[in-house]
Amino acid sequence: MSVATSFSRRLVLSKTPLSRALVRQTSTRAAVVAANDGSSSHHQWKSGAAFSAAAATAMGFAAAGTAVAFCQTSLKDPMTVYAQHAVDLEQMELIEQEQKTNSTNTSNNSIKATSPATEDASKLVVTPPILSVEEEKLEAATRKAKKHAGGLKLFSGNGNMALGLEIAKILGVSLGKATVGRFADGEVNVQIHDNVRGKDVYIIQPTCPPVNDNIMELLLMISTCNRASARRITVVIPYYGYARQDRKMQARVPISAADVARLLESMGIDRVIAVDLHCGQIQGFFGPRVPVDNLDGGMVGIDHFGNKDLHNPVVVSPDAGGVYRAKKFKEGLAHKYDMDDIGLAMIIKQRARAGTVDQMDLVGDVNDCDCIIVDDMIDSAGTLCKAAEVLIAKGARRVFAFASHGLLSGPGNDRIANSKMEECVILNTIPSTPQRAANEKLTELSVAPLLAQTIFNVHARKSISALFK
């Protein structure tokens, strides 16, 4: 029996008024914390005395003016532009609320309500219970154990090592030491060199080409951390491979996006962080015990295009399925940069077969406008370049493009270089190449600040949706 457990049981079984009051207070607090605890799948509260014992151990010392953290580290908030924007919005809402309150108080100045109970309650001072010397030692031991029980460990596979290093630099932590290589016969060799027992592990690995090799690396890294007794495993997948095979379009074909999700879930992951999934329903391919955070990569592009001198901007969706994404991009530009005259258009394409577009029709007016084509990925760039030609033929002044994932398979890079587009902007979810760097029309933005802020918010149990307001 541990020291903390014996102390908590002694508190529960004690008949002194102090111990009974402490158990009552801490049981209620622990129940609230357990209900909001993100790691509830690993820690189940038991009923009866065991629950009170765990509650007294975890939260009992809060009554003495101290806070016991379940996972306390020296990690600091990187406060990227996304977090600062969320803070600014919160401050603006507080100022507006205060102004409304002041105006209401001024208008109702003649009506005064008295509440002696409220006034008395504001003067009440809660005196923490006095602990004995032995109990203070137990408190210090418990706090020290809780402090070293958790922590953040960041690892990266070979999928995008540069992105992993950039995220670690923004977070102010070192990338974990691991060997991810190949044996002589081509099998994946994975070995974690850092201690991950009881740690919160974050594995950064996009499943980009070579897709199968990167997926196998990710699966074995998850398995290694689970077998090494990691407390919680979160996979950060900037680019989710097989995402376009999300439904059966014809007979006798797999739903590969769901199968990859089942593989990841069966290996024992606790959370998934992805960037611009091809379809939102991929989040449902994971079970309810594995939450998925689908980050909006358009937030990075909004800052880039918001600083441009755009004339009559129009956001264009290259297909009917991307209208919602284009609409969010348009609303983000309008809200953040006060652009109220942004239009929305859509291109309807008819494919002859996979990767080949037969005909394109434009829905909307782009005459004398600067167009921004917004999509989630660029593969061979055939559709994108043809869409730019259609927009120029309809009278567009300039054509820009934005996509979160720049695969640029085959002749994709050359097609963009020879296209009628002014600029094509992508994120670094997929590793860059010297050919991309030499392309003057291709601009690569970093998604590392967004991912780093998300990792910190998940680890610190802060809101993620506040980053996208």
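1. Two strands count as paired if DSSP finds at least two bridges between them. The model discussed in this note is predicted. In it, β4 and β5 are paired in the parallel sense, with five bridges between them. Within this pairing, Val-201 has Ile-233 of β5 as its bridge partner.

2. The wider sheet is open and has five strands, in the order β1-β4-β5-β6-β7, with parallel pairing. Its edges are formed by β1 (152–156) and β7 (292–295), each of which pairs on one side only. On average, neighbouring strands of the sheet are turned by 15° against each other, direction ignored. Strand β6 (residues 271–275) runs parallel to β7 and is joined to β7 by four bridges. Ile-273 stands opposite Asp-293 of β7.

3. Helix α8 (residues 211–227) packs on this sheet and touches β1, β4 (200–204) and β5 (232–237). The direction of α8 makes about 165° with that of β5. Helix α15 lies across β1, β4, β5, β6 and β7, and runs at about 160° to β6.

4. Strand β5 deserves separate comment. Six of its six residues are buried, so β5 is largely enclosed by the rest of the structure. In a regular strand, side chains alternate between the two faces of the sheet. In β5, Arg-232, Thr-234 and Val-236 point one way, whereas Ile-233, Val-235 and Ile-237 point the other way. The residues on both sides of β5 are buried, Arg-232 among them.

5. Helix α9 (residues 256–266) has as its buried residues Ser-256, Ala-257, Ala-258, Val-260, Ala-261 and Leu-264. The cover over these residues includes α8 and β5. Just after α9, Gly-268 adopts a positive phi of about 100°.

6. Helix α7 (residues 161–171) packs against helix α15 (residues 448–459) at an angle of about 55°, the axes being 9 Å apart. That angle makes α7 oblique to α15, and the crossing of α7 and α15 is right-handed. On the α7 side the contact involves Leu-163, Glu-166, Ile-167, Ile-170 and Leu-171. These residues meet Ala-448, Pro-449, Leu-451, Ala-452, Ile-455 and Phe-456 of α15. By class, the residues of the contact of α7 with α15 are ten nonpolar, no polar and one charged.

7. A second helix pair is α10 (residues 298–306) with α11 (residues 323–337), packed at an angle of about 50° with axes 10 Å apart. Helices α10 and α11 are therefore oblique to each other, and α10 passes α11 in a right-handed crossing. From α10, Gly-298, Gly-301, Ile-302, Asp-303, Phe-305 and Gly-306 take part in the contact. From α11, the participants are Phe-329, Gly-332, Leu-333, Lys-336 and Tyr-337. The residues of the contact of α10 with α11 divide into five nonpolar, four polar and two charged.

8. Val-447 sits in the loop between β14 (442–445) and α15. Is Val-447 buried or exposed? Its relative accessible area is 0%, and residues under 20% count as buried, so Val-447 is buried. Not counting residues up to four places away in sequence, Val-447 touches Leu-163, Val-300, Leu-427, Asn-428 and Thr-429. Val-447 and Asn-428 are 19 residues apart in sequence, and their C-alpha atoms are 6.3 Å apart in space.

9. Some backbone details in the loops and after α15 may be checked directly. A cis peptide bond joins Pro-209 and Pro-210, with omega about -5°. Pro-210 belongs to the loop between β4 and α8. Arg-252, which is not a glycine, has a positive phi near 60°. Arg-252 is placed in the loop between β5 and α9, and at 78% relative accessibility Arg-252 counts as exposed.

10. Arg-461 likewise is not a glycine and has a positive phi, of about 60°. Arg-461 lies in the segment after α15. With a relative accessibility of 39%, Arg-461 counts as partly exposed.

Note on methods: Residues numbered from 1 in each chain as written. Predicted model: local features only at pLDDT ≥ 70, side-chain atom pairs only at ≥ 80, totals over all residues. Heavy atoms only, no water. Axes fitted to C-alpha atoms, helices over the stretch in contact; angles between N-to-C directions. Helix = DSSP H or I, 4+ residues; strand = E, 2+ residues; numbered from the N terminus. Parallel < 35°, antiparallel > 145°, perpendicular 65-115°, else oblique. Left-handed = near helix turned anticlockwise from the far one by under 90°. Contact = heavy atoms within 4.5 Å. Nonpolar A, V, L, I, M, F, W, Y, C, P; charged D, E, K, R; others polar. Buried < 20%, exposed > 50% of the residue type's maximum accessible area, 1.4 Å probe, protein only.
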